[in-house]
Structure formats: C-alpha cells, structure tokens
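Colleague: I would be grateful for a close look at one part of this protein, its largest nonpolar core. Which residues touch the most other members of that core, and which element gives the most to it?

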Amino acid sequence: MKKNKYTYVWVSLIVLVFGIIFIPKIVNRIKEGDVVENDRMNVKDNSAQLAYVLKDGKKRRVPSFQLINQDSLLITDKDYKGKVFVVEFFFTSCPSICPVMTENLVYLQNEFEGEDFGIASFSITPHFDTPTVLKTYAEKKGITSLDWHLMTGNKEDIYELANSGFNIFAAEMPDAPGGFEHSGLFALVDKKGYLRSRVDQFGNPIIYYRGAITQEQGENDHGEKEQISILEQDIKKLLAE
C-alpha cells in the first residue's frame with residue numbers, strides 16, 4: 001500500500017511540473033497565433049476546410065464571361081470579385097426543376113442579405129429569356145438582391161460556359177420537359193474566384209451541390225438527399241475566410 005501511495009505522489013508531482021512548464025507556452029502560442037498549418041490539419045474534424053475543385057491538378061477558377069442581366073446591364077465575372085457566389089444554369093419557362101432551384105436560391109438570398117454574397121443565373125434559352133422576360137421572372141420570384149444577376153446573351157457562349165467552363169451539363173433535348181435538359185446543380189465560388197466544395201466521406205470533393213431538392217422535401221424520389229443545408233453552411237465558411 002505504501003509503495004502505491006508513493007507512486008501516486010510521484011505521478012501527481014510529474015503532472016504538476018509538466019503543467020507549470022508547458023501549459024503557459026501552449027497558451028502563448030494560441031494568443032500569438034503561432035499555430036502552424038500542420039497543427040490545423042491534424043485536428044480530427046476538418047469539416048471547416050472546403051476543398052478546391054481541381055482540373056489537371058490546378059485550382060479551377062470561374063471562366064471569364066460578358067453577358068446582359070435583367071436590368072440590361074453588362075455583367076462580367078469581375079462583377080463578382082470579392083464575393084462568395086453560387087452559379088446555376090436555368091430557363092424561365094422550365095416546367096420541372098427550375099422553380100425548385102429558384103426557390104432554394106431565394107432562400108439563400110434572404111439568409112445572406114447584407115453579406116458579400118451573390119448569385120449568377122445563366123439562361124440556357126437566351127433567345128426567349130430577354131432582359132425584359134428575366135426582369136419579370138425576378139419580380140415574380142422575389143429576387144431582390146442587387147448581386148443576383150439573371151443573364152442572357154449569345155447562345156453558344158452560354159453553352160460553352162456551362163459544359164466546358166463549369167462542367168455543368170446543359171443541352172437542347174426535344175423530349176425533355178420544356179425542350180432542354182440541365183443538371184440542376186449549383187457551383188460554389190469563393191471570394192477569389194475559385195470553385196470550392198466540401199469533401200465526401202472518402203475525402204473527395206463533391207464539386208457541386210444538388211439544387212433541385214428543398215430542405216422541406218429532404219430527399220427526392222431517387223433517394224438523393226437535399227444539399228441546400230450544407231451549401232448554406234459552406235457559404236458561411238467562405239464568407240468567414
């Protein structure tokens with residue numbers, strides 16, 4: 001019993017000495033911001049770190065564009081500089097997923113009112129979606145943000161932007177609802193113009209977010225879960241960067 005007692009005393013003394021010597025140093029490192037990248041990366045929960053979307057091993061940036069918005073103003077990729085923004089491809093006469101996508105984006109618009117946040121909506125039926133049509137659509141859907149541009153322009157440029165620039169599928173398909181097919185995905189862009197996303201359970205970027213399922217729905221008929229909740233979380237992370 002005496003041996004155990006002395007052992008306990010020595011262990012307690014060692015712990016006390018360790019605390020006196022090292023804890024103040026750790027506190028000072030935190031106060032001074034002297035925490036190296038490896039310290040952050042070794043934290044078990046890396047959920048706060050959004051991945052960069054890569055192409056050929058390089059970070060993907062938003063491709064350049066020049067289009068006309070619902071107010072007949074020329075809008076370019078530079079108008080989004082310094083803002084976190086979401087990208088979609090849609091059309092105002094879409095009878096299927098576009099109304100849901102717009103509903104989700106209106107939700108995000110309202111959640112981030114007053115923040116450095118924007119939305120870029122590119123029409124895949126620019127021959128029909130004139131600035132006047134886009135303006136009427138915006139008013140009907142409750143689009144009020146000055147940083148939400150609904151854009152129209154040259155058809156070839158827009159399809160190139162969708163399929164090559166963002167790799168978000170869009171195409172004319174006579175058998176599809178409304179005569180056009182598109183993926184219903186949202187891309188997330190940071191303040192420096194890089195495409196970002198969270199990673200899946202295997203550590204791979206999810207790249208895009210499902211935009212055609214509401215939070216109230218929870219999931220669609222195919223068992224795919226809504227991703228507006230995680231998109232909202234990830235927008236907050238990028239705004240804080």
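**The largest nonpolar core**

Modeller: The chain, which comes here as a predicted model, has 241 residues, of which 39% are buried. Its secondary structure consists of six helices and 13 strands.

The largest nonpolar core has 52 residues, and those that touch the most other members are Phe65, Val87, Phe89, Phe122, Phe166, Leu188 and Ile235. Both kinds of secondary structure contribute to this core. Among the strands, E6 (84–90), E7 (117–123), E8 (148–151) and E11 (185–189) each supply at least two residues. Helices H3 (98–111), H4 (131–141), H5 (155–165) and H6 (228–240) likewise each supply at least two. Strand E6 gives the most, with six residues.

Phe65 may serve as an example. Apart from its neighbours within four places in sequence, Phe65 is in contact with Ile75, Thr76, Asp77, Tyr80, Phe122, Met151 and Leu161. One of these partners, Phe122, is itself among the residues that touch the most other core members.

Such links across the sequence can also be described for the chain as a whole. Of the contacts between residues at least 6 apart in sequence, 69% join residues at least 24 apart.

Two cysteines deserve a brief remark. Cys94 is buried, because its relative accessible area of 7% is under 20%. Cys98 is buried as well, with a relative accessible area of 1%. A search of the whole structure nevertheless finds zero disulfides.

Finally, as regards the surface, the chain exposes about 14,400 Å², and carbon and sulfur atoms supply 55% of that area.

Terms used. Residues are numbered from 1 along each chain as its sequence is written. This is a predicted model: local features need pLDDT of at least 70, side-chain atom pairs count only at pLDDT 80 or more; totals for chains, interfaces and linings use all residues. Side-chain values use heavy atoms; hydrogens and water are left out. Helices (H or I, at least four residues) and strands (E, at least two) are DSSP runs, numbered from the N terminus. Buried means under 20% relative accessible area, exposed over 50%, partly exposed in between (1.4 Å probe, protein chains only). Contact means heavy atoms within 4.5 Å. Accessible areas come from the Shrake-Rupley method with a 1.4 Å probe; for residues, only the protein chains shown count as cover. A nonpolar core is a set of buried Ala, Val, Leu, Ile, Met, Phe, Trp, Tyr and Cys residues joined through side-chain atoms within 4.5 Å. A disulfide is a pair of cysteine sulfur atoms within 2.5 Å.
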